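Student: Could you take me through one part of this model closely, with the cut-offs behind each term?

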Amino acid sequence: MSKVCKICKKPAVENFAPFCTKRCADVDLGRWLKGNYAIPGRDGEATIPANDIDPDADPKFE
Ligand SMILES: [Zn+2]
């Protein structure tokens, strides 16, 4: 196993890969959602934008 957690760089756990815990998975998910949608608390699947938005390419959300 050579994977490490994307959030805290600890060894990733298989159940949560590529993260070490659900907490880190949630952190990443939160970041991703924030970077892409910026619509907290709203759940509209129809509003999901195209896949060409890369959260890592937009530093203003960091
Ligand atoms: Zn972690």
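Tutor: What follows is a close look at the segment before the helix and at the residues it touches. This is a predicted model, in which local features need pLDDT of at least 70 and side-chain atom pairs count only at pLDDT 80 or more, while totals for chains, interfaces and linings use all residues. Residues are numbered from 1 along each chain as its sequence is written.

The secondary structure comes to one helix and zero strands, where helices (H or I, at least four residues) and strands (E, at least two) are DSSP runs numbered from the N terminus. The helix, α1, covers 22–36, and V4 lies in the segment before α1, as do K9, P18 and F19.

A residue is called buried if 20 or more other C-beta atoms, placed from the backbone, lie within 10 Å of its own, exposed if 12 or fewer do, and partly exposed in between. By that rule 10% of the 62 residues count as buried. F19 is buried because 23 other C-beta atoms lie within 10 Å, whereas V4, with 15 C-beta neighbours inside 10 Å, counts as partly exposed, and K9 is exposed, with 10 other C-beta atoms within 10 Å.

Contacts, meaning pairs whose C-beta atoms, placed from the backbone, lie within 7 Å, show what surrounds F19. Leaving aside neighbours within four places in sequence, F19 is in contact with C5, K6, I7, A12, C24, A25 and D28. C24, with residues up to four places away again not counted, touches C5, I7, C8 and F19. The largest nonpolar core has six residues, C5, A12, F19, C20, C24 and A25, a nonpolar core being a set of buried Ala, Val, Leu, Ile, Met, Phe, Trp, Tyr and Cys residues joined through C-beta atoms within 7 Å.

V4 touches K9, K10, P11 and A12, not counting residues up to four places away in sequence. The C-alpha atoms of V4 and F19 are separated by 6.9 Å although the two are 15 residues apart along the chain, and those of F19 and K3, 16 residues apart, are separated by 8.5 Å. Across the protein, residues 24 or more positions apart account for 7% of the contacts with a separation of 6 or more.

Two backbone details in this segment deserve a careful check. K9 has a positive phi of about 70° although it is not a glycine, and the peptide bond from A17 to P18 is cis, with omega near 5°. Most residues other than glycine have a negative phi, and most peptide bonds are trans.

How values were computed: Two residues are in contact if their C-beta atoms, placed from the backbone, lie within 7 Å.
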